[in-house]
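Me: I would like to go through this model and ask, for each label put on it, what the label rests on.

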2 protein chains.
Amino acid sequence: MNPTRFCPKKLEEIAAEVFTRTGISHAQAKVVAQSLVHADLRGIESHGLSRMPIYVKRIEAGLIERQEEPQLVMEEGATALIDGKNQLGAVVGLTALEQAMKLSRQTGIGFVGVRHSNHFGTCSFYAERAISEGLILLVLTNAPEAMAPSGGIRPFLGTNPIAVGIPAGNEPSFLLDMATSVTARGKIVLAAKKGEAIPEDWAIDKNGNPTTKPEQALSGSLLPIGGAKGYGLAMFIDLLCGLLTGAAFGPGVKSLYDNWEHPQNVGHIFLVIDIQHFLPLPVFQKNMDEYIRQVKSGPKKEGTSEILIPGEIESRKRSERLAAGIPFSANVVEELTQLCSIYRLDFNEARIT
Amino acid sequence: MNPTRFCPKKLEEIAAEVFTRTGISHAQAKVVAQSLVHADLRGIESHGLSRMPIYVKRIEAGLIERQEEPQLVMEEGATALIDGKNQLGAVVGLTALEQAMKLSRQTGIGFVGVRHSNHFGTCSFYAERAISEGLILLVLTNAPEAMAPSGGIRPFLGTNPIAVGIPAGNEPSFLLDMATSVTARGKIVLAAKKGEAIPEDWAIDKNGNPTTKPEQALSGSLLPIGGAKGYGLAMFIDLLCGLLTGAAFGPGVKSLYDNWEHPQNVGHIFLVIDIQHFLPLPVFQKNMDEYIRQVKSGPKKEGTSEILIPGEIESRKRSERLAAGIPFSANVVEELTQLCSIYRLDFNEARIT
């Protein structure tokens with residue numbers, strides 16, 4: 001049986017209404033709802049509406065601010081620093097992105113550091129916006145402890161993702177959005193929710209042994225890509241997002257799920273490059289198209305039907321889901337139905353009949 | 001028998017003299033010599049003086065310019081574009097680094113693109129200089145085709161490295177310098193020179209099969225770290241270094257070793273961050289020290305004697321080799337002796353007796 005599908009537009013409306021009813025301003029609630037549905041559209045269920053219950057729980061627990069606005073602490077040359085004032089991460093992230101885009105129009109580059117933020121959804125949410133403005137975005141964020149340093153066994157670094165968006169013309173734009181761990185922690189959280197086993201190269205348990213059990217992985221340590229290289233990348237991201245901005249770093253970044261005493265204090269970096277300072281955008285986009293066609297037309301491994309550009313699968317999924325709706329697992333539907341009912345809303349109104 | 005060791009200072013002098021005798025200006029020859037000895041000091045033999053013969057061969061073949069100077073094509077806001085004028089890569093790289101450092105003092109960030117450059121040695125050469133000025137450096141370069149896209153079998157992307165330098169105070173500074181392939185192509189070149197086998201997760205042969213033979217790997221395709229993630233990272237680096245700057249990209253970047261018709265036309269990106277726009281440098285360095293101590297004092301895997309920071313092994317090796325001299329394999333000694341004799345110089349004068 002195919003899972004029931006839900007209308008993206010209606011999901012956004014319902015999610016925005018839930019956040020509004022927790023006391024978040026409607027404008028901010030809309031941003032967060034868009035960020036979550038954006039992830040579901042691209043098939044990144046681990047960062048989609050399945051996160052709404054935990055966001056709401058933290059708001060209700062007073063661990064995310066309802067009334068503040070992100071604050072510009074410093075703006076100087078091509079740089080800025082934003083205090084997220086413990087707002088919902090997507091609200092803070094979008095504010096920082098807009099600041100970085102503004103700076104890039106002035107000086108060619110905008111480099112914005114952010115402190116006192118929260119989990120800000122998928123990085124691709126910001127990359128997609130920058131791409132649509134003809135800009136290149138590099139976005140980094142730190143995250144709660146999940147990976148041990150090479151040689152260590154206790155988690156210290158987050159899965160600290162790096163994402164890059166680069167606009168093409170007619171071909172699909174380049175959109176890389178990757179955790180520096182072999183897999184994203186969210187995927188293990190989802191596997192735990194679904195009761196599924198995980199591949200054994202994803203994580204070690206708390207004693208340093210490989211495990212296929214998501215619960216053991218979550219109390220152990222994720223593995224970085226490329227061994228010491230991924231360890232180094234994750235640390236570089238933490239040093240910029242945490243140390244340079246004044247946000248938390250290492251195990252100081254609090255868990256979205258397990259810490260009920262402190263705000264997360266996540267840090268982000270948004271770096272925007274205005275292509276037009278280097279060459280006319282249409283020329284760049286034409287070159288991108290040519291590049292992508294060259295990559296895709298190369299000889300393929302036996303059994304491979306197509307060479308893909310980073311982000312291409314997700315952008316196809318987005319088109320498909322915009323047309324046919326978003327499917328959710330029964331677990332997620334149940335959880336969201338329950339959450340909505342608390343706020344006197346009917347999640348099933350988003351169902352496509 | 002321990003290999004003979006050579007005096008770093010004298011190696012620099014002899015190497016600079018060799019380059020000078022090929023027609024390079026003495027100032028530029030000195031920079032390239034420093035860059036190569038820098039790599040040998042850090043134990044990165046694949047990027048050390050073992051590269052001198054190929055550099056010289058390309059100069060003598062007229063594929064690297066002797067007389068030009070790198071040219072500033074554009075400077076606007078926080079960005080600049082440099083045309084390397086097909087100079088030796090280390091000369092171009094250092095010019096770009098200095099430009100990026102200058103911009104960062106003005107606007108907080110300096111973002112410099114480079115085209116028409118050559119192999120520029122290890123990224124750590126530049127990172128070490130930025131660190132010594134209390135600056136953060138992110139440096140990217142593209143490189144000749146070596147890695148197939150995920151799903152492909154023909155090399156398209158270079159091993160495109162990323163390097164980051166972040167200054168600490170009393171603790172060792174953070175210095176990550178990594179290829180986006182599982183290993184650097186230079187290490188396979190060196191294994192081929194030494195006649196040694198390579199691990200089988202480093203590369204595939206031209207038919208897509210794993211291989212332990214360096215020669216087959218060099219005519220096949222290196223593997224990226226983390227599968228599609230490393231593929232994405234290498235492509236992001238190529239798009240910025242190649243497409244944004246107007247340098248070559250993909251297979252358009254010519255081989256240092258195998259192409260005797262065209263200049264390499266390598267592209268680089270230098271991004272410098274002036275920490276002081278965010279917080280006082282001494283505070284940042286104190287926080288770095290605390291961070292590094294936290295990482296290093298964590299619990300270790302059985303059999304691990306110490307948790308290391310990226311760059312720590314290399315910086316220790318540097319101290320050791322500055323004191324005791326640099327050892328070379330017999331192959332490399334022979335090759336360098338031969339090269340020096342062509343320019344009426346005695347390589348053995350650098351030998352520590």
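Me: What makes helix α8 of chain B a helix that lies across strands of chain A, and which strands are they?
Reply: In this predicted model, α8 (residues 228–244) of chain B lies across β6 and β7 of chain A. Its direction makes an angle of about 135° with β7(A). Contact here requires C-beta atoms within 7 Å.

Me: How many residues does each chain bring to the contact between chain A and chain B?
Reply: 57 residues of chain A are in contact with 57 residues of chain B. On the side of chain A, the elements that give two or more residues include β6 (162–166), β7 (174–178) and α8 (228–244). α8(A) gives the most, with 8 residues.

Me: How is the side of chain A that touches chain B divided by class?
Reply: It has 32 nonpolar, 20 polar and 5 charged residues. Gly counts as polar in this division.

Me: What makes β6 of chain A an enclosed strand?
Reply: A residue is buried if 20 or more other C-beta atoms lie within 10 Å of its own. In β6(A), 5 of the 5 residues are buried, so the strand is largely enclosed by the rest of the structure.

Me: Which residues of β6(A) lie on each of its faces?
Reply: A:Ile162, A:Val164 and A:Ile166 are on one side, and A:Ala163 and A:Gly165 are on the other. All of these are buried, and both faces are therefore covered.

Me: How do you know that β6(A) is paired with β5(A) and with β7(A)?
Reply: Pairing needs at least two bridges between the strands. β5(A) and β6(A) are joined by 4 bridges, and β6(A) and β7(A) by 5 bridges. β6(A) therefore counts as paired with both. It runs antiparallel to β5(A) and antiparallel to β7(A). Towards β5(A), A:Val164 stands opposite A:Leu138; towards β7(A), the partner of A:Ile162 is A:Met178.

Me: What is the order of strands in the sheet of chain A, and why are two of them called edge strands?
Reply: The order is β2-β3-β4-β10-β5-β6-β7, in an open sheet of 7 strands with mixed pairing. β2 (71–76) and β7 of chain A each have a single partner strand, so one side of each is left without a neighbour in the sheet. Neighbouring strands are turned by 10° against each other on average, with direction ignored.

Me: How do you know that β5(A) pairs with β10(A)?
Reply: The cut-off is at least two bridges, and there are 7 between β5 (residues 135–141) and β10 (residues 266–274) of chain A. The two are therefore paired, in the antiparallel sense. One of the residue pairs is A:Val139 with A:Phe270.

Me: What is the strand order in chain B, and which strands stand at the edges there?
Reply: Chain B has an open sheet of 7 strands in the order β2-β3-β4-β10-β5-β6-β7, with mixed pairing. β2 (71–76) and β7 (174–178) of chain B stand at the edges. Within this sheet, β4 (residues 109–117) and β10 (residues 266–274) of chain B run antiparallel and are joined by 7 bridges. B:Gly113 stands opposite B:Ile269 there.

Me: Why are the buried residues of α3(A) said to line one face?
Reply: The buried residues are A:Met52, A:Tyr55, A:Val56 and A:Arg58. Seen down the axis of α3(A), they fall within an arc of 160°, so they line one face of the helix. What covers them includes α1 (8–21), α2 (26–41) and α11 of chain A.

Me: What is the geometry between α3(A) and α11(A), and which residues make the contact?
Reply: The axes of α3 (residues 52–60) and α11 (residues 330–342) of chain A come within 10 Å and cross at roughly 35°. A:Met52, A:Pro53 and A:Val56 meet A:Glu335, A:Leu336 and A:Leu339. By class, this contact has 5 nonpolar, no polar and 1 charged residues.

Me: Where do the domains of chain A lie, and how many residues join domain 2 to domain 3?
Reply: Domain 1 is 1–61 + 312–353, domain 2 is 70–181 + 224–310, and domain 3 is 183–219. 5 residues of domain 2 are in contact with 4 residues of domain 3. The C-alpha centres of these two domains lie 24 Å apart.

Notes. Residues are numbered from 1 along each chain as its sequence is written. Chains are lettered from A and ligands numbered from 1 in the order in which they are written. This is a predicted model: local features need pLDDT of at least 70, side-chain atom pairs count only at pLDDT 80 or more; totals for chains, interfaces and linings use all residues. Axes are lines fitted to C-alpha atoms, for helices over the stretch in contact, and angles run from 0 to 180 degrees between N-to-C directions. Two residues are in contact if their C-beta atoms, placed from the backbone, lie within 7 Å. Domain bounds come from an automatic or database domain assignment. A residue is buried if 20 or more other C-beta atoms lie within 10 Å of its own, exposed if 12 or fewer, and partly exposed in between; C-beta atoms are placed from the backbone. The arc is that of the directions from the helix axis to the C-beta atoms.
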